[in-house]
Amino acid sequence: MADVIVVGGGIIGLTAAMRLRERGADVTLWTPAGLADTVSAVAAAVWYPTGITFEPRVLAWAAETYEVFRRQARDGVPGVLVRETRNLERDGATEEPWWAAAAGRVRYLPIGPPWTREVRFDAPLVEMGTYLPWLRERFERAGGRVVRRRVDRLEEALAEAPVIVNATGLAAGSLCGDPDLHPVRGQIVLVANTGVYVSVRDLGRPSTYVHPRTRDVVLGGTFEEGSWNTTPDPATRDAILERCLALVPELAGAPVVGEKVGLRPARRGGPRVEAEKWPGGTVVHAYGHGGAGMTLSWGCAGEVASLAL
Ligand SMILES: Cc1cc2nc3c(=O)[nH]c(=O)nc-3n(C[C@H](O)[C@H](O)[C@H](O)COP(=O)(O)OP(=O)(O)OC[C@H]3O[C@@H](n4cnc5c(N)ncnc54)[C@H](O)[C@@H]3O)c2cc1C
């Protein structure tokens, strides 16, 4: 019998499994799908708390995650980059954003209309197609097990371990009856990277973002509350391209190399990270990270490990 079964193999489940293993637990991770079939694989995966409101523990998770990814980038972990980032604000804010305390050196620059301020900082960016397989392999090399398995009920895992982690993303809504969990649909377009290195985010509504990776550039985005539609929409793709090209004209002519849709696991009240006693054992919930699963992953995983052990 494992000490802990982590149900779900997206960034939240994998990171929690890794932290649990580092603390000496016997850990098995159950996941029904390959890494490429997770929402985590769709993410632009830049460090920024999109759609998440301030809570002291969210700030602490974000700060710890920022430090871990900066360290991983320095250590040459595959898929982890750091990009200079320009946030272009439109709301006239003059105070420091709540997340700035977690983001290293943050600078505030004047800018002309329609923007009211530029906020510049360095942000980790993770190429999930490279990083998730690295993380999974690191977990397995450390003695963790990964098993292809879907649950219809969390009790199936509780029958095989005294503690389980519920890291099932959007599926947690039905698995533990949480009415606050809901999808926020995001569509992105990928173009070849023809020489762009700075991330730019225009904080209009919806926000427009351009995140250069090694070989391609992620263009977005959309934030469609309550939509379960996972099919890319051509009109949305055209609108994203138009907005992003207006923001970063150097992208003109860059060939489109892909488009993707993912459903962010958003939760009214913020991410659910807490332990709950069930008749068969302890369930540590770790879901509802919305548009910030990468941003909160390592900090959150530390708390999950503390709750579980
Ligand atoms: C377009 C887009 C852009 C994004 N950009 C960013 C960004 O820049 N920065 C950022 O921080 N975040 C971003 N996000 C958000 C981020 O992708 C999510 O917060 C994160 O992926 C959530 O991770 P997760 O592990 O909870 O969920 P998932 O990745 O969905 O993983 C859930 C896991 O549970 C498994 N599972 C589901 N049902 C069952 C079951 N019945 N039994 C067993 N296992 C099950 C799944 O197979 C999967 O392995 C973005 C999301 C989208 C869609």
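**Exercise 1. Identify the bridge partner of Asn166 in strand 15, then place the pair in its sheet.**

Solution. In strand 15, Asn166 has His285 as its bridge partner. The model is predicted: local features need pLDDT of at least 70, side-chain atom pairs count only at pLDDT 80 or more, and totals for chains, interfaces and linings use all residues. Residues are numbered from 1 along each chain as its sequence is written, and side-chain values use heavy atoms, with hydrogens and water left out.

Step 1. Strand 7 (residues 163–166) and strand 15 (residues 281–287) pair in the parallel sense over 4 bridges. Two strands pair if DSSP finds at least two bridges between them; helices (H or I, at least four residues) and strands (E, at least two) are DSSP runs, numbered from the N terminus.

Step 2. The open sheet consists of 6 strands with mixed pairing, in the order 6-2-1-7-15-14. Strand 6 (145–148) and strand 14 (272–278) each have a single partner strand and stand at the edges, so one side of each lacks a neighbour in the sheet.

Step 3. On average, neighbouring strands of this sheet are turned by 20 degrees against each other, direction ignored. Axes are lines fitted to C-alpha atoms, for helices over the stretch in contact, and angles run from 0 to 180 degrees between N-to-C directions.

**Exercise 2. Describe how helix 1 and helix 7 cross.**

Solution. Step 1. The axes of helix 1 (residues 11–22) and helix 7 (residues 293–308) come within 8 Å and cross at roughly 45 degrees. Helix 1 is therefore oblique to helix 7; angles under 35 degrees count as roughly parallel, over 145 as roughly antiparallel, 65 to 115 as roughly perpendicular and the rest as oblique.

Step 2. Contact (heavy atoms within 4.5 Å) involves, among others, Ile11, Thr15 and Arg19 of helix 1 and Trp298, Ala301 and Val304 of helix 7.

Step 3. Helix 7 also lies across strand 7, strand 14 and strand 15, and runs at about 15 degrees to strand 14.

**Exercise 3. Locate the cis peptide bonds that precede Pro114 and Pro206.**

Solution. Step 1. The bond from Pro113 to Pro114 is cis, with omega near 10 degrees. Pro114 lies in the loop between strand 4 (107–109) and strand 5 (117–126).

Step 2. From Arg205 to Pro206 the peptide bond is cis, with omega near -5 degrees. The loop between strand 9 (199–202) and strand 10 (208–212) contains Pro206.
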